[in-house]
Amino acid sequence: MNSLYIASWAVAVVVLLLLFFAAKKKMGFGTRVLIAMVLGVVVGAVFGKEATDLGAIGSIYVNLIKMIVMPLVVATIISSITSISDPNMLRKIGTKTIALFLITTGIAAVIGVVVAVIIDPGAGIPYVQDAKFAAREIPSFLKVFMDLVPANPVNEMATGKVVPVIVFAMFVAVAITIEGNRKPESVRPIKEVIQSFAVVMFRVTKLIIRLTPYGVFGLMAAMAAKYGLASLLPMGKVVLAVYIACLLHFVLTYGFLVTFVARVNPIRFLKKIYPVLAVAFTTRSSYATLPVNLEVITKRLKVSDRIASFVAPLGATINMNGCGGLYPAIVAIFVAKVFGIDLTITHYLLIVGSAMIASIGVAGVPGPASISTTVVLASVGLPIEGMAMVLGIDAILDMARTAINATGTTVSSLVVAVTEKEFDREAFNNGADEELDNYDVSSRSGGSKTVVSG
């Protein structure tokens, strides 16, 4: 231990205190993350190898994210599906809505794969592997299919097999819904317990996400210390890949659904949903955007309250085209490139399928893309630690991802309403846009006011 090593930790403590006081002064969450990223790069570059151990701060943050994956996935899936109290609605509108969410998420993942393959964001980024590290063999398609069926849910949770846990949670949720239709009193206690547990997990998630600036500082400092500034510059290609994928998904997927399925003017639609885009982009939270989304859907898109009140809250939890679809796909290909793991068509299909399933368990709070990406990486057999390399730019990426998520919920509400004949087309085309009670972009900017539950 030399003076430079001690100095690096002393500077790190000062930076962490500065980030803490910045939070106390209500500085925007995104701003603090960006500041942490820049300061981490500077500290790592200045102190070099002596700052490598600062990565422990980031490792603690990554471990905490891993800690909440299983309970959060179980809680969100069961609570979301069991919230559909009317069996007829579950069979008809519920199936149609969830299918639309999953299909658009799958399309988003495909777009993410294509964009990532073309841009190749992992090219030129070195990664020094630990001596004990060995790349896991990516399983065959048949083995993956068999692994989807949970043989022992408790064991699956203990061994980190997320997808079988998701399948188990879906079975439990459907069973609760069926029994609730037959004997409501018999399942009421477990529904209340699960709903309460989901609220608690949302709070735990929020507490961990608050640590993001500190974790980002440690991760970026260690990365700069190990690889130097030259290795950080290519991260700009990750940002470019995510934003291009979001734009393509917005224009191609949403544009097609609005224009040819809902048969409305896409320009008019875009003007009406602008408040949703603005609030989602600034808050980076699907739940924070939910009140605005509900009002836009009913007052501006002229969708019935029955459809809006069902689709919008459900979409805030499981409609994650950005966080659960295109982003995990891009990161998976990025990590595979960095670690020198060759992927085939079968592996790309596995990435898309895992992203679709994992998106169901993503909570609508800032930062859940890390959880969804962890699920995809673990399912495909890619090194989870590779995800740490993109956390430093997560705030920039999250703005676009959340805007895509919220827009997808709005589009899905419109499409479901059109198919159910609960869309007032004449009012949409001729009526003036109503004022929105909850729309106040300035009060939601900076990501500091995050709605976690309710």
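Let me start with a word I'll lean on: buried means under 20% relative accessible area, exposed means over 50%, and partly exposed is whatever falls in between, with a 1.4 Å probe and protein chains only. Those areas come from the Shrake-Rupley method with that 1.4 Å probe, and for residues only the protein chains shown count as cover.

Now, the housekeeping. This is a predicted model, so local features need pLDDT of at least 70 and side-chain atom pairs count only at pLDDT 80 or more, while totals for chains, interfaces and linings use all residues. Residues are numbered from 1 along each chain as its sequence is written, and side-chain values use heavy atoms, leaving out hydrogens and water.

Okay, salt bridges. I'm calling it a salt bridge when a side-chain nitrogen of Lys or Arg is within 4 Å of a carboxyl oxygen of Asp or Glu. The count by that rule is 6. The one I'd like you to look at is Glu420 with Lys96, where the closest N and O atoms are 2.5 Å apart. Glu420 is in the loop between α18 (394-419) and α19 (425-430), and Lys96 is in helix α4 (residues 87-119), so this pair ties together parts that are 324 residues apart in sequence. When I say helix, I mean a DSSP run of H or I with at least four residues; strands are E runs of at least two, and the numbering goes from the N terminus.

So how covered are the two ends? Glu420 is buried at 13%, and Lys96 is partly exposed at 30%. There's a third member, too: Lys92, Lys96 and Glu420 are linked in a network of salt bridges.

Next, two bridges inside helices. In α18, Arg401 pairs with Asp398, with 2.9 Å between the closest N and O atoms. They're 3 residues apart in that helix, which is about one helical turn. Buried or exposed, this Arg401? Buried, at 0% relative accessibility. Asp398 is buried as well, at 1%.

Then there's Glu185 with Arg188, 3.0 Å from N to O. These two are also 3 residues apart, about one helical turn, in helix α8 (residues 184-209). Here Glu185 is exposed at 53%, and Arg188 is partly exposed at 40%.

On to the cysteines. How many disulfides do we get? With a disulfide taken as a pair of cysteine sulfur atoms within 2.5 Å, the count is 0. Take Cys246: the closest cysteine sulfur is in Cys323, 8.9 Å away, so that's too far for a bond. Both side chains are covered up, with Cys246 buried at 5% and Cys323 buried at 2%.

Last stop, the surface. Lys24, Lys26, Arg203 and Arg210 form a positive patch. A patch here takes residues with over 30% relative accessible area and no salt bridge, joining like charges within 9 Å, or nonpolar side chains (Val, Leu, Ile, Met, Phe, Trp, Tyr) within 5 Å. Lys and Arg count as positive, Asp and Glu as negative, and His and the chain ends aren't counted. Each charge is placed at NZ of Lys, CZ of Arg, CG of Asp or CD of Glu. Within that patch, Lys26 sits in the loop between α1 (3-24) and α2 (29-47) and is exposed at 67%.

One more loop residue before I stop: Arg263, between α10 (236-261) and α11 (266-272). Arg263 is exposed at 53%, and its C-alpha is 8.9 Å from that of Val418, with their positions 155 residues apart in sequence.
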